[in-house]
Amino acid sequence: MKTKYALLALVSLPLMLSAQDKHSTDTSYANGYYVKRLDYFKQLPPQKNAIVFLGNSITEVGDWQEVTAMPGVINRGISGDNSFGIFHRLDEILMLKPSKIFLVIGVNDIKRGTPLTVIAENYERIILKIRKHAPKSKLYLQTILPVNEPMLAAIYDNIRNHKIISLNELLKDLSEKYKLPYVDLYKDVFVDKNGQLIKELSTDGLHLQPLAYMLWADYLKQKKYL
């Protein structure tokens with residue numbers, strides 16, 4: 001009888017862990033750089049009604065005040081960040097009660113093998129947290145940008161445009177569900193005729209040249225998002 005119950009427990013354990021881990025965290029985002037940059041953000045003078053650009057290294061590299069030529073624009077990009085990291089550092093951003101949040105995150109999740117559905121779930125958690133704690137802040141869901149696959153180094157082998165396209169479709173569904181602006185940077189700004197990130201706009205197939213940020217900001221203005 002004891003053996004029977006022991007076997008039952010072993011069978012049940014994966015199911016229990018699965019239920020507990022529904023929102024388990026890929027803690028690889030929380031490295032030394034993430035911690036230091038987050039501490040830096042917390043020490044900056046607070047800017048009420050800021051326009052926040054939020055994301056990973058692609059966002060961090062952008063000189064958003066320069067390319068937008070707008071007051072109150074702040075950069076909250078952290079190199080290496082993923083959708084888990086964004087969710088877990090939202091409090092620092094939401095306490096500012098920003099007027100607008102331009103979010104793009106997910107390519108590092110793809111790099112690390114996180115299922116697309118889990119990334120989308122994290123996006124939904126981010127949306128709901130913003131709505132709860134900063135309901136007047138307008139969130140813009142920016143698509144994950146394409147990559148130029150022939151340019152990518154081996155460490156980025158898991159990042160492919162078909163995955164990015166599929167994730168962007170999930171983000172579009174969320175934008176419709178929550179009536180949020182869907183900012184299609186992938187299709188309207190950065191993809192070439194072969195379905196790759198425009199080579200001249202990239203440094204390594206993933207990250208961007210300075211000119212790309214000017215095109216990005218111009219697009220946001222053309223669409224009246226800024």
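This is a dialogue on reading helices, contacts and empty space in a predicted model.

Visitor: Which secondary structure does the protein have, and how much of the protein is buried?

Guide: The model is a predicted one. Its secondary structure comes to eleven helices and five strands. Of the 226 residues in the protein, 49% are buried.

Visitor: What share of the contacts joins residues 24 or more positions apart?

Guide: Among contacts with a separation of 6 or more, 72% are between residues 24 or more positions apart.

Visitor: How is the length of a helix checked, taking α2 as the case?

Guide: Count 1.5 Å a residue and compare the result with the distance between the end C-alpha atoms. Helix α2 covers residues 32–43, twelve in number, so the expected span is 16 Å. The end C-alpha atoms of α2 are 17 Å apart, which agrees.

Visitor: Which residues of α2 are buried, and where do they lie around the axis?

Guide: The general idea is one of periodicity. An α-helix has 3.6 residues a turn, so residues three or four places apart point the same way. In α2 the buried residues are Y34, R37, L38 and F41. They cover an arc of only 100 degrees around the axis, which puts them on the same side of α2. On the other side of α2, K36 and Q43 are exposed.

Visitor: What covers the buried residues of α2?

Guide: The cover includes α3 (57–60), β2 (73–77), α5 (83–88) and α6 (90–94).

Visitor: Which residue caps the N-terminal end of α2?

Guide: The cap is N31. A side-chain oxygen of N31 lies 3.1 Å from the backbone nitrogen of Y33.

Visitor: Is D39 in α2 buried or partly exposed?

Guide: D39 belongs to helix α2. Its relative accessibility is 40%, so D39 counts as partly exposed. Sequence distance and spatial distance can be read side by side here: D39 and E92 are 53 residues apart in sequence, and their C-alpha atoms are 9.8 Å apart in space.

Visitor: Which side chain does E60 join through a polar contact?

Guide: Start with the setting. E60 is in helix α3. Buried means under 20% relative accessible area, and E60 is buried, at 18%. The side chains of E60 and Y33 are joined by a polar contact of 2.3 Å. With neighbours within four places in sequence left aside, E60 is in contact with Y33, R37, N75, G77, I78 and S79. Of these contacts, R37 also appears among the buried residues of α2.

Visitor: How does the same reading go for α11: what are its span and its buried residues?

Guide: Helix α11 has 13 residues, 210–222, so at 1.5 Å a residue the expected span is 18 Å. Its end C-alpha atoms are 19 Å apart, which agrees. The buried residues of α11 are A212, Y213, W216, A217, Y219 and L220. Seen down the axis, they fall within an arc of 155 degrees, so they line one face of the helix. The face turned away from that buried side carries the exposed residues P210 and Q222. After α11 comes K224, whose phi is positive, near 65 degrees.

Visitor: With which residues is L185 in contact?

Guide: L185 is in helix α10, residues 185–190, and is buried with a relative accessible area of 0%. Neighbours within four places in sequence aside, L185 is in contact with Q142, T143, L145, F190, W216 and Y219. W216 and Y219 are also among the buried residues of α11. The C-alpha atoms of L185 and I144 are 7.5 Å apart, while the two residues are 41 apart in sequence.

Visitor: How many cavities are found, and what lines the largest cavity?

Guide: Rolling a probe the size of a water molecule over the atoms shows where empty space is left. Here a search of the whole structure finds one cavity of 30 Å³ or more. The largest cavity holds about 80 Å³ of space. Among the residues lining the largest cavity are N56, I58, V104, I144, L145 and L206.

Visitor: What is the volume of the largest pocket, and which elements give residues to its lining?

Guide: The volume of the largest pocket is about 250 Å³. Its lining has 16 residues, of which L44, V73, I74, N75 and R76 lie nearest the centre. The elements giving two or more residues to this lining are α2, α4 (64–68) and β2. The largest share, four residues, comes from β2.

Technical notes: Residues numbered from 1 in each chain as written. Predicted model: local features only at pLDDT ≥ 70, side-chain atom pairs only at ≥ 80, totals over all residues. Heavy atoms only, no water. Expected span 1.5 Å × (residues − 1). Buried < 20%, exposed > 50% of the residue type's maximum accessible area, 1.4 Å probe, protein only. Arc of directions from axis to C-beta. Contact = heavy atoms within 4.5 Å. Polar contact = N/O pair within 3.5 Å; in protein donor to acceptor, adjacent residues only side chain to side chain. 1 Å grid on protein atoms, 1.4 Å probe; cavity = no way out; pocket = protein on both sides within 12 Å on 5 of 7 lines; lining within 4 Å. Points joined across faces, edges and corners; volume = space filled by probe spheres on them.
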